[in-house]
Amino acid sequence: MFFERPDAGETAVLVHVDFQDEKEREDPGEFLELVRSAGAEPATLLTGSRHRPDPRTFVGSGKVEELREAMAAHGAELVIFNHALSPSQERNLERTLKCRVLDRTGLILDIFAQRARTHEGKLQVELAQLEYMSTRLVRGWTHLERQKGGIGLRGPGETQLETDRRLLRARIKAIHKRLDKVRSQRSQNRRARSRAEIPSVSLVGYTNAGKSTLFNALTESKVYAADQLFATLDPTLRRLEVEDVGPVVLADTVGFIRHLPHKLVEAFRATLQEAAEASLLVHVIDAADPDRDLNVTQVEAVLDEIGALEVPMLKVMNKIDLLDSAPRIERDGEGRPEVVWLSARDGQGLELLGQALSERLAGDVIDVQLTLTHEQGRLRAGLHELGAVREEAFDDEGHTRLEVRLPRRDFLQLMARLGERADDYLPRELQERPVWEG
């Protein structure tokens with residue numbers, strides 16, 4: 001590491017301060033969940049209230065002494081703050097308490113480092129950690145003010161701090177280059193899906209809202225899902241068949257959280273871009289959470305930061321099994337599905353979500369009866385290939401009567417491939433309707 005610090009322990013004393021400014025307030029309950037998710041054992045939670053943070057130690061001399069006593073009483077070797085500390089505040093506290101001090105941002109980064117599984121995820125976490133660490137290098141080294149001289153090494157020299165900064169900048173630059181390649185590859189994949197006209201749906205929401213459980217229920221996958229914060233870190237894509245739409249790409253993304261560090265949003269931009277360029281966002285909300293409205297606001301703030309707030313959205317109120325509520329669909333003034341109430345864990349309401357996805361993605365669907373002659377066998381075969389034929393019968397003259405239902409774009413593509421005019425087969429009321437474009 002870049003600091004000379006005592007070895008960190010797992011037993012931690014937690015610090016939470018209430019401020020008058022609502023924007024600065026954090027949730028102590030969520031803080032405890034974060035600490036447990038990181039693998040630390042909370043010994044005690046010290047609380048207090050202030051008008052503004054102390055510039056030197058954030059909490060003031062009296063609370064620092066209380067901290068020292070709590071550490072001695074519980075044998076703790078780690079102090080975690082539910083707030084963002086400045087580099088100087090962190091160093092002053094470590095010097096006074098003689099232990100490792102971690103702030104909220106560092107805690108979230110530690111959880112991310114534990115959960116990253118893919119090469120891309122590890123690169124993104126490392127980038128966020130290095131950029132966070134770069135502000136904490138000042139006076140981090142208390143030895144070797146200058147590199148050792150000697151024969152062949154004499155000269156103006158370079159301080160150890162300058163060396164660390166130079167190495168840090170080089171590593172950050174290298175990671176940026178590799179992540180640019182990842183972004184380019186993801187962009188090519190999205191363009192390929194767009195050319196194939198395959199809609200994409202991204203699951204977004206507050207951490208621990210049940211996105212991965214819902215993802216597994218819809219796709220019969222085995223993505224890691226647990227009742228803990230940031231259980232999912234690496235994005236997962238699966239194919240999902242939606243009625244009247246066909247194949248859809250479903251993406252499970254990292255959860256959001258209150259005051260998500262800006263550096264994390266920047267580092268995970270390649271991952272979050274899946275949400276920004278999706279055909280539809282499915283915002284999964286923990287319906288049983290008393291702070292659900294505040295969580296929705298926080299998610300929308302992050303979506304706005306990555307340019308995804310304008311993407312069409314379907315809200316899913318999850319965990320209705322905890323509310324004794326029934327599955328249902330709420331619609332807007334135009335009759336479009338707006339909110340689906342379900343339980344991903346118990347499977348209640350999943351068919352309603354499938355119906356809502358179909359309505360939101362299919363757009364313009366053709367439901368028509370066709371009469372085909374023997375010479376039009378290629379059209380009949382094409383409709384069967386698309387899975388559009390609902391019923392089929394033959395009359396005495398050898399004609400084939402088909403009841404078909406399929407997205408208009410699929411019908412137009414088939415007509416173009418066969419060199420036919422679509423309007424020759426459609427009733428007048430269906431001829432003037434525009435093609436769905438996403």
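Colleague: Among contacts between residues at least 6 apart in sequence, what share joins residues at least 24 apart?
Modeller: This is a predicted model. A contact here means heavy atoms within 4.5 Å. Among the contacts in the protein chain between residues at least 6 apart in sequence, the share that joins residues at least 24 apart is 69%.

Colleague: How many of the residues, as a percentage, are buried?
Modeller: A residue is buried if its relative accessible area is under 20%. The protein chain has 438 residues, and the buried share of them is 49%.

Colleague: In what order do the four strands of the open sheet stand?
Modeller: The pairing in this sheet is parallel. β2 (41–50) and β4 (100–102) each have a single partner strand, so they stand at the edges and one side of each is left without a neighbour in the sheet. From one strand to the next the twist averages 20°. The order is β2-β1-β3-β4.

Colleague: Which residue in β2 is the bridge partner of valine 17?
Modeller: Strand β1 covers residues 11–19. Strands β1 and β2 pair in the parallel sense over nine bridges. For valine 17, the bridge partner in β2 is glycine 48.

Colleague: At about what angle does helix α3 run to β4?
Modeller: Helix α3 takes in residues 87–97 and lies across β3 (78–81) and β4. Angles run from 0 to 180 degrees between N-to-C directions. The angle of helix α3 to β4 is about 150°.

Colleague: What part of the exposed area do carbon and sulfur atoms supply?
Modeller: The protein chain exposes about 22,400 Å². Of that area, carbon and sulfur atoms supply 47%.

Definitions and conventions:
Residues numbered from 1 in each chain as written. Predicted model: local features only at pLDDT ≥ 70, side-chain atom pairs only at ≥ 80, totals over all residues. Heavy atoms only, no water. Buried < 20%, exposed > 50% of the residue type's maximum accessible area, 1.4 Å probe, protein only. Areas by Shrake-Rupley, 256 points an atom, 1.4 Å probe, with all protein chains shown as cover. Pairing = 2+ DSSP bridges. Helix = DSSP H or I, 4+ residues; strand = E, 2+ residues; numbered from the N terminus.
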